[in-house]
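Thanks for making time. I have one structure to go through today, and I will keep to the backbone and the packing.

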Amino acid sequence: IYEEFFLPALFEEWAVPVAHAAGIQAGDRVLDVACGTGVLARAVSSRVGPTGSVVGLDINEGMLAVAMRQAPDIDWRHGRAEALPFDSGIFDAVVCQFGLMFFEDRETAIREMHRVLRPGGRIAVAVWDALDNTPGYAAMVDLLHDLFGEEAAHGLRVPFNMGDKAALQALFARAGFPHARVTTRRGTARFPSIKSWVHTDIYGWVLADMLDDAMVDELSNRAQRALAHFGDASGRVAFDAPAHIVSATRD
């Protein structure tokens with residue numbers, strides 16, 4: 001579900017901007033932290049070419065299994081961002097697309113990214129902007145709260161909890177990147193229909209273990225009415241989904 005539905009809906013458009021922010025070039029050795037099913041790692045691999053190499057790391061074995069089927073030539077590794085299983089100073093670049101929000105210890109994870117970079121190596125990390133700037137998900141959170149309470153609503157708020165640019169810059173400074181730059185870029189969430197939007201969000205993202213099938217059906221039925229204004233005449237859904245890209249060079 002994540003690979004088939006979420007990539008075109010949310011994540012695919014960010015792979016090239018993140019790779020560009022990290023200055024990926026031919027011959028680079030690159031680590032993709034929290035690689036998921038590998039959309040960013042695949043984009044990076046096409047840039048580094050045959051003289052470079054890409055390692056994709058994720059804590060989720062299912063994500064890695066899908067990633068391996070998609071691109072068996074990439075080195076896929078199981079591991080935690082807070083304890084990267086690599087020697088220090090071996091990567092030219094480290095990238096991370098929409099994973100930092102979910103880490104147990106973000107500062108430690110960024111310190112680990114700093115550790116495995118060589119001096120002069122580059123980092124680029126994407127996180128979603130604040131929920132207030134992402135109207136479709138703000139409305140979905142409100143609907144979840146109305147139907148199922150605060151716990152369900154909070155589950156969908158989590159991906160948008162790093163929208164404060166000053167706090168983001170301060171976090172990276174504490175973790176070893178005092179000159180990190182935060183750039184906000186406009187993005188667009190796109191789904192074939194409201195039903196597809198609900199299906200993708202629940203079964204492919206953060207609420208898969210929280211709502212049963214009956215609850216998902218209830219949410220889908222209510223969303224058809226409550227979220228109809230995010231669809232066009234054909235029923236296709238689109239709304240703003242901006243993100244921050246943090247980029248820096250290791251001293």
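I will start with the whole chain, then take two helix pairs, and finish with a few single residues.

First, a caution: this is a predicted model. By secondary structure, the protein has ten helices and nine strands. Its radius of gyration is 18 Å, close to the 18 Å that the globule rule gives for 251 residues, so the protein is as compact as a globular protein of that length. Along the principal axes, the C-alpha atoms fill a box of roughly 55 × 40 × 30 Å. Of the 251 residues, 53% count as buried. If you take contacts between residues at least 6 apart in sequence, 78% of them join residues at least 24 apart.

Next, the N-terminal end. How many of the ten residues of helix α1 are buried? Seven are, so α1, residues 2-11, is largely enclosed by the rest of the structure. The buried ones are Tyr 2, Glu 3, Phe 6, Leu 7, Ala 9, Leu 10 and Phe 11.

Now to helix packing. Two packed helices are described by the angle between their axes and the distance between the axes. I have two pairs, and α6 is in each of them.

The first pair is α6, residues 135-148, with α10, residues 213-226. Their axes come within 11 Å and cross at roughly 130°. That angle makes α6 oblique to α10, and the crossing is right-handed. On the α6 side, the contact is made by Met 140, Leu 143, Leu 144, Leu 147 and Phe 148. From α10 come Met 215, Glu 218, Leu 219, Arg 222, Ala 223 and Ala 226. By type, the residues of this contact are nine nonpolar and two charged, with no polar ones.

The second pair is α6 with α7, residues 150-157. Here the axes come within 7 Å and cross at roughly 160°. Since angles over 145 degrees count as roughly antiparallel, α6 is roughly antiparallel to α7. This crossing is right-handed as well. Tyr 137, Met 140, Val 141, Leu 144, His 145 and Phe 148 of α6 meet Glu 150, Ala 152, Ala 153, Leu 156 and Arg 157 of α7. That contact divides into eight nonpolar residues, one polar and two charged. Met 140, Leu 144 and Phe 148 of α6 appear in both contacts.

On to backbone angles. Most residues other than glycine have a negative phi, and most peptide bonds are trans. Against that background, there are two residues to look at. Ala 34 has a positive phi of about 60°, although it is not a glycine. It sits in the loop between β1, residues 29-33, and α3, residues 39-48. Phe 98 also has a positive phi, near 60°, and lies in the loop between β4, residues 91-97, and α5, residues 106-116. Is Phe 98 buried or exposed? At 7% relative accessibility, Phe 98 counts as buried.

Last, Pro 242. This proline is in the loop between β8, 237-240, and β9, 243-249. Its relative accessible area is 9%, so it is buried. Which residues does Pro 242 touch, leaving out those up to four places away in sequence? They are Trp 14, Trp 128, Asp 129, Asn 133, Thr 134, Arg 185, Arg 186 and Gly 187. Take Trp 128: it is 114 residues from Pro 242 in sequence, yet the two are 6.4 Å apart in space, C-alpha to C-alpha.

That is what I have; I can take questions.

Key:
Residues are numbered from 1 along each chain as its sequence is written. This is a predicted model: local features need pLDDT of at least 70, side-chain atom pairs count only at pLDDT 80 or more; totals for chains, interfaces and linings use all residues. Side-chain values use heavy atoms; hydrogens and water are left out. Axes are lines fitted to C-alpha atoms, for helices over the stretch in contact, and angles run from 0 to 180 degrees between N-to-C directions. Helices (H or I, at least four residues) and strands (E, at least two) are DSSP runs, numbered from the N terminus. Angles under 35 degrees count as roughly parallel, over 145 as roughly antiparallel, 65 to 115 as roughly perpendicular and the rest as oblique. A crossing is left-handed if the near helix is turned anticlockwise from the far one by less than a right angle, and right-handed if clockwise. Contact means heavy atoms within 4.5 Å. Ala, Val, Leu, Ile, Met, Phe, Trp, Tyr, Cys and Pro count as nonpolar, Asp, Glu, Lys and Arg as charged, and the others, Gly among them, as polar. The radius of gyration is taken over C-alpha atoms; the globule rule is 2.2 Å times the number of residues to the power 0.38. Buried means under 20% relative accessible area, exposed over 50%, partly exposed in between (1.4 Å probe, protein chains only).
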